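Let's walk through this structure together, stopping at a few places worth a look. Keep the sequence and the 3D view side by side as you read.

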Amino acid sequence: MKKRYEPKNIEEKWGSFWEKNDYFSPRPGKKKTTFSMVMPPPNVTGVLHMGHALDNTLQDIIARFKRMKGYEVLWIPGIDHAGIATQNVVEKKLNQEGINRKSIGKEKFTKYIQEWKENYEEKILSQLKKLGISCSWKDKSFTMDKNHSLAVKEAFFQLYKKGYIYRGNYIINWCPHCETALSDIEVEYREKQEKLYYIKYPFKERKNEYLVIATTRPETMLGDTAVATNPEDKHFQNLKEKTLILPLIGRELPLIYDSLVDPDFGTGVLKVTPAHDPTDFLIGKKHNLPFINILNKDGTINKNGGIYEGLNRYECRKKIINDLQKEGYLEKIENYAGRVGHCYRCGTIIEPYISSQWFIKMENLAKEAIEAIKEEKIEFIPYHWKKKYLQWLSNIHDWCISRQIWWGHRLPVWHCENCKKDTVSIETPQRCPYCGSTKIKQDEDVLDTWFSSSLWPFSTMGWPKTREKFKKFYPTSFLCTGWDLLFFWVARMIMMGIEITNKVPFYKVYFHPLISDEKGQKMSKSKGNVINPLSLMEKYGTDAFRFSLVAVETELPYLRFSENRLRGYRNFANKIWNASRFVLSNLKDFAPKKGKPISLELCDRWILSRYSKTIQKVTISLENFKFSEAANLLYQFIWGEFCDWYIELIKPRLLERNNTLSSYTARWTLYHTLKGTLKMLHPFMPFITEEIYQRLPREENDKESIMISSWPEEDKKDTDAENKMNFLIAIIQEVRTIRAEMEVPPQRKINLLIRTKDKISILREHSSYLINLLKIEKLFIDEEIKKPSHCASSLIEDVDIFIPLENLLNLKKEKERLKNKLKKIEKDLSRTKKRLLDLKFLRKAPPEVVEKKKRERVNLKKEKERFKKRLREI
Ligand SMILES: [Zn+2]
Ligand SMILES: [Zn+2]
């Protein structure tokens with residue numbers, strides 16, 4: 001075994017070993033039941049980011065754990081075509097090369113996207129492999145492969161047949177850059193400083209009198225067809241049947257009353273633009289107003305805008321304000337803090353726009369999806385996401401599923417030029433079923449990318465065509481995803497699953513946090529704080545990287561990633577390496593015999609009991625998806641108990657020649673505990689554990705890979721051994737603390753006096769532990785010991801500890817040092833206390849910082865008391 005732990009070679013070696021031996025494909029286990037998951041398919045837009053790394057590490061831990069527990073595990077990987085997102089990145093790239101999407105046309109453009117997809121799919125898959133992901137590559141899926149196309153058509157057809165899919169002219173969210181409709185949740189609302197323009201609308205009959213109307217989008221006045229106020233609003237009671245004149249244009253606008261008008265916005269008077277505002281759209285429908293569309297698809301003004309035709313919406317706004325001012329129609333301009341909708345893919349400001357689109361009626365689908373959660377057919381972890389889910393589904397609008405982009409699944413709809421009827425069909429029809437005409441054309445629109453994603457849990461299983469996998473592994477056992485996909489994806493999978501397969505698509509959903517930088521800031525290119533998981537894996541090793549993500553996994557919405565902490569977990573990997581190297585060097589001529597040795601000593605019994613307890617706790621944590629809890633249990637056990645105590649305690653026994661019984665027992669315990677611990681650690685750190693496992697001596701039933709070995713089983717707890725060892729550890733720790741506080745040089749031997757009544761036998765019996773770990777020259781353990789003068793002392797469970805200092809230290813110097821130390825502690829303490837009385841700090845600091853300060857105060861207080869005592873003693 002190499003002296004230094006070098007992750008790179010190890011990772012490559014075992015990664016290909018596992019794949020070559022096909023350990024990732026489902027294979028029947030001793031449990032005779034299945035466990036299935038589908039991977040949230042990464043978008044082909046780019047390479048793997050930190051979110052993917054976390055998402056897939058968590059799933060991999062579960063997959064490896066369940067396999068070792070004896071389940072037949074199917075974990076389906078895949079890639080999402082990510083319609084609008086991918087179209088956007090490819091378009092951007094082509095623009096940089098001077099190529100325009102529209103000028104090369106649909107066919108050529110989609111070819112470019114196809115190329116992009118091949119390229120990035122390969123990249124993403126190889127990155128997932130680098131991360132050690134053990135999904136079943138043979139079952140790999142793509143949201144636009146043959147089976148998915150069929151699934152999409154089948155699902156669309158079924159929903160259409162049931163009357164859930166309809167086409168209509170509605171006001172939708174329009175992105176003038178992507179030139180497509182967006183669903184409600186694809187619009188991102190951002191706080192923005194805007195202007196509120198107050199415009200005078202004169203009365204037709206009395207030209208000098210007018211109503212003032214406030215608007216943030218004055219250019220939309222080109223499409224005004226009425227003016228409205230709230231019927232409850234006292235200011236405008238006697239204006240019935242009045243007509244106003246649209247400034248600059250001269251169109252007559254009736255004054256109407258409608259309760260949808262917000263009397264508290266602006267002046268309480270609303271300009272009604274039915275074609276360009278969702279509220280106005282409803283008012284327009286109700287009052288039968290004309291709908292005047294003033295925008296082209298790219299956001300420029302169309303011919304209905306008269307002299308403003310051809311300007312983009314912002315140039316038009318400027319010009320209109322200018323003209324209003326010139327003509328005396330502009331009363332004032334105010335600042336206004338508003339929420340403005342942006343396209344979630346390109347960031348362009350959305351326009352409400354009327355167009356003919358396809359929708360899914362959500363009422364029934366949502367009802368069943370609500371029931372499934374209420375009846376706990378699906379469990380959400382953490383539980384609190386349930387509330388958000390139910391709120392959203394209870395207020396859901398119909399889902400606009402058609403997109404005017406080029407990359408995606410075409411709608412399975414054919415229009416007949418002759419009779420104008422639509423045909424929805426799974427197979428491509430040759431002629432119109434209504435009139436027999438062959439002049440039929442498939443709808444040019446594509447489906448919202450989330451439509452195909454919503455079928456993912458069963459479309460990946462071969463539905464609707466081949467049903468083997470579907471029968472065996474659907475519904476899936478577990479879904480793991482970021483909470484940001486709750487509405488986009490999870491809720492829709494639940495609706496579609498229930499509607500189309502009559503079953504919930506999964507039984508448990510785990511929502512993990514999103515990853516922010518160390519300060520809690522969202523990672524973004526513009527902030528320059530994006531961390532590339534690949535470079536971290538290169539630098540620190542994949543195992544340490546995985547562990548660093550999982551160990552701090554939290555129920556909070558954001559996980560603050562810190563490279564510093566990752567460095568700490570690299571040290572953990574090094575620690576495991578070095579400890580294992582030591583163990584292995586002591587197992588050279590060791591052949592494990594069957595069964596536990598009968599001659600276990602106290603520390604053997606203790607570590608076996610702690611090991612067993614760790615198995616029990618880690619198993620429960622993983623069964624409940626408490627990832628960080630499991631990781632920290634293992635960290636504590638490996639470092640804090642196995643390495644720091646057990647290995648140290650048995651070193652003298654390992655040195656014994658002639659393989660005595662005591663030496664064999666120590667080796668057996670080392671071997672047994674290390675092997676089982678590696679197994680528990682394997683889901684978290686797959687590579688290093690395999691490397692060490694492969695070097696351990698073999699037993700008859702051992703598997704050729706740790707990956708397919710079975711999960712360790714817990715044994716009885718040995719309370720007697722734990723109590724005794726806890727006591728001895730406490731004594732050793734206390735003496736170590738005193739040594740450190742008195743600054744006794746590490747190599748310097750001390751004398752130790754222990755006065756006790758009840759613990760004499762246990763201390764004497766295990767005095768070797770103390771002598772061994774404490775650098776002791778002379779040890780006295782007795783009932784009657786007089787406290788020497790000038791000694792450091794302490795009390796542990798009625799046991800007095802004395803360390804004579806006279807020949808150990810220069811007492812005068814020591815006194816000075818302790819005084820100074822005490823002064824410093826007191827200073828720190830008073831500063832901490834002051835801070836905790838500072839209201840401004842308490843109000844502003846994050847709770848964890850305040851908590852830390854409080855802990856600091858407690859520790860400083862304790863420290864102060866201890867040093868006071870030391871000073872008295874000297
Ligand atoms: Zn856009
Ligand atoms: Zn026809």
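The paragraphs below visit a metal site, a helix and some backbone details. Please keep in mind that this is a predicted model.

Let's begin with the zinc ion (ligand 2). Its protein donors are the SG atoms of Cys416, Cys419, Cys432 and Cys435, which lie 2.2 to 2.4 Å from the metal. Along the chain, these donors follow the spacing C-x2-C-x12-C-x2-C. Cys419 belongs to the loop between strand S18 (413-416) and strand S19 (422-424), while Cys435 sits in the loop between S19 and strand S20 (440-442); this pair, 16 residues apart, links distant parts of the chain. What is the arrangement of the four donor atoms around the zinc ion? The angles they subtend run from 101 to 116°, so the arrangement is tetrahedral, as all angles must lie between 85 and 135 degrees for that label. Cys419 is partly exposed, with a relative accessible area of 26%, and Cys435 is also partly exposed, at 34%.

Next, find helix H7, which covers residues 313-327. At 1.5 Å a residue, its 15 residues should span 21 Å, and the end C-alpha atoms are indeed 21 Å apart, so expectation and model agree. Which residues of H7 are buried? They are Arg313, Cys316, Arg317, Ile320, Ile321, Asp323 and Leu324. Because these buried residues cover an arc of only 165° around the axis, they fall on the same side of H7. Their cover includes strands S7 (187-202), S13 (330-343) and S14 (351-360). Turn to the other side of H7 and you will find Lys318, Gln325 and Lys326 exposed.

Both ends of this helix deserve a look. At the N-terminal end, Asn312 acts as a cap for H7, with a side-chain oxygen 2.8 Å from the backbone nitrogen of Tyr314. After H7 comes Gly328, with a positive phi near 80°.

Now for the backbone. Most residues other than glycine have a negative phi, and most peptide bonds are trans. Against that background, look at the peptide bond from Ile381 to Pro382, which is cis with omega near -5°. Pro382 is placed in the loop between strand S15 (379-381) and helix H9 (385-394). Another cis peptide bond joins Trp463 and Pro464, with omega about 5°, and Pro464 is in the loop between helices H11 (456-459) and H12 (468-473).

Finally, Asn502 is not a glycine, yet its phi is positive, about 65°. Asn502 lies in the loop between helix H13 (486-501) and strand S23 (506-512), and is exposed, with a relative accessible area of 67%.

Methods. Residues are numbered from 1 along each chain as its sequence is written. Chains are lettered from A and ligands numbered from 1 in the order in which they are written. This is a predicted model: local features need pLDDT of at least 70, side-chain atom pairs count only at pLDDT 80 or more; totals for chains, interfaces and linings use all residues. Side-chain values use heavy atoms; hydrogens and water are left out. Donors are N, O and S atoms within 2.8 Å of the metal (3.2 Å for Na, K and Ca); water is not among the atoms, so sites may look incomplete. Four donors count as tetrahedral if all angles lie between 85 and 135 degrees; four count as square planar and six as octahedral if opposite donors are over 155 degrees apart and all others between 65 and 115; anything else is irregular. Helices (H or I, at least four residues) and strands (E, at least two) are DSSP runs, numbered from the N terminus. Buried means under 20% relative accessible area, exposed over 50%, partly exposed in between (1.4 Å probe, protein chains only). The expected span of a helix is 1.5 Å times one less than its number of residues. The arc is that of the directions from the helix axis to the C-beta atoms. Contact means heavy atoms within 4.5 Å. A polar contact is a pair of N or O atoms within 3.5 Å; within protein, one must be able to donate a hydrogen and the other to accept it, and residues adjacent in sequence count only if both atoms are side-chain atoms.
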